[in-house]
Amino acid sequence: IILSVASSLSCFSCDHTDSESVCEENLVECDASSASLGMIRVAAFKPSIQIIQSSTFRCFELVVQDNAETLRTRGCSYDSVDVCPGEVRVGVQTGCRWCNEHDGCNSAGSFKASVLLIAGLSVVAAQALRCMQGTEIVLPSDDSSEKNKEKMPEFTECGVLNTGASAASLLVLKPNTASLPSTDYKCYHLRIEESESKKATIVKGCIYKNQNVCDGKFKVDNVREVFCSQCDQDECNSAHRFASNWKILSVTLFTIVCLFMK
């Protein structure tokens, strides 16, 4: 326990849309979730960056100049990938830090932003969305022991951490789905199948509203997309909701056919 506390690292964390004062107030302790969110922020500017998970972390600050606008993002990142090298997809990178010397090493100063931070949290709470989140493995032999290795989908409220985690996992499958983080969310339902083993993986969760899960090629060639949907209503990516929509469509089509037969 003593070693765990001693090796912990805290970094300032903010999106490029946040004000400078918010960036200087939001100090978070690094873990797998906050590092995944940080890597998503970097990937929004550098889609080609690799995301390699590790048990150790670093702070980062990335500054991009896009014409007259300065875009600054900070957060935690994995210690395995230096976020500074590489070209940005918009503007010009004018600054970058990747450090672990001390807590908050990616800070530029100290400002007061309690009012702005509370207002930001209120907006997130007001836009809360419930989605089914998790992963299910389906084998041709229906091996139940394999299913238990993954977290079965369950309903959860969309937030910064679980949405960032979903976006990170999607980047591994579809690098072209990289998008800028936001506080607007939607649900997704993706079913993929391996060509050789026919093993199917069903992934559900929260993603950013401006992120298109159903657009973008897979990173590997031996996987194909069987089904993909996106929606922005509570619990809309559940199997029950999907079945209900098909029932409504079936009844509608049946009614139309009956009218034509008359």
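**Disulfides, cores and the course of the chain**

Cys-131 and Cys-187 are both buried, where buried means under 20% relative accessible area, exposed means over 50%, and partly exposed lies in between (1.4 Å probe, protein chains only). The model is predicted, so local features need pLDDT of at least 70 and side-chain atom pairs count only at pLDDT 80 or more, while totals for chains, interfaces and linings use all residues. Residues are numbered from 1 along each chain as its sequence is written, and side-chain values use heavy atoms, with hydrogens and water left out.

These two cysteines are joined to each other by a disulfide, with an S to S distance of 1.9 Å; a disulfide is here a pair of cysteine sulfur atoms within 2.5 Å. The torsion about their S-S bond is about -80°, so the link is left-handed. It connects distant parts of the chain, since Cys-131 belongs to strand E6 (residues 130-138) and Cys-187 to strand E8, 56 residues apart. Helices (H or I, at least four residues) and strands (E, at least two) are DSSP runs, numbered from the N terminus.

The structure holds eight disulfides, and two others deserve a description. Cys-84 and Cys-96 form one of them, with their sulfur atoms 2.1 Å apart. Its S-S torsion is about -90°, so this disulfide is left-handed. Because Cys-84 lies in the loop between E4 and E5 whereas Cys-96 lies in strand E5, the pair ties together parts that are twelve residues apart in sequence. Cys-96 has a relative accessibility of 25% and therefore counts as partly exposed.

Cys-214 is joined to Cys-228 by a further disulfide, with 2.0 Å from S to S. The link of Cys-214 and Cys-228 is left-handed, with -90° about the S-S bond. The pair links distant parts of the chain, 14 residues apart: Cys-214 is in the loop between E9 and strand E10 (223-231), and Cys-228 is in strand E10. The partners fall into separate accessibility classes: Cys-214 is partly exposed because its relative accessible area is 31%, and Cys-228, at 17%, counts as buried.

The description now turns to the chain as a whole. The chain contains seven helices and ten strands. Of its 262 residues, 40% count as buried. The exposed area of the chain is about 14,500 Å², of which carbon and sulfur atoms supply 55%; accessible areas come from the Shrake-Rupley method with a 1.4 Å probe, and for residues only the protein chains shown count as cover. Among contacts between residues at least 6 apart in sequence, 67% join residues at least 24 apart, a contact being heavy atoms within 4.5 Å.

The interior can be read through its nonpolar cores, each a set of buried Ala, Val, Leu, Ile, Met, Phe, Trp, Tyr and Cys residues joined through side-chain atoms within 4.5 Å. The largest has 38 residues, and within this core Ile-49 and Val-83 touch the most other members. Two or more residues each are contributed by helix H3 (32-45), strand E3 (57-66), strand E4 (69-78), strand E5 (92-99), helix H6 (160-173), strand E8 (185-194) and strand E9 (200-208). H3 gives the largest share of this core, seven residues. The core draws at least three residues from each of domain 1 (10-99) and domain 2 (130-243), with bounds from an automatic or database domain assignment. Apart from this core lies another, of ten residues, among them Leu-170, Ile-207, Val-223 and Cys-228.

Which residues are in contact with Val-83, leaving aside its neighbours within four places in sequence? They are Met-39, Val-42, Lys-46, Ile-49, Phe-60, Ser-77, Cys-96 and Trp-98.

Helix H6 has 14 residues, which at 1.5 Å a residue should span 20 Å, and its end C-alpha atoms are indeed 20 Å apart; the expected span is 1.5 Å times one less than the number of residues. Its buried residues are Asn-162, Thr-163, Gly-164, Ser-166, Ala-167, Ala-168, Leu-170 and Leu-171. The buried residues of H6 pack against H3, E6, strand E7 (154-157), E8 and E9.

Finally, two residues other than glycine have positive phi values. Asn-67 has phi near 55° and is placed in the loop between E3 and E4. With a relative accessible area of 72%, Asn-67 is exposed. Glu-235 has phi near 60° and is placed in the loop between E10 and helix H7 (239-261). Glu-235 counts as partly exposed, at 29% relative accessibility.
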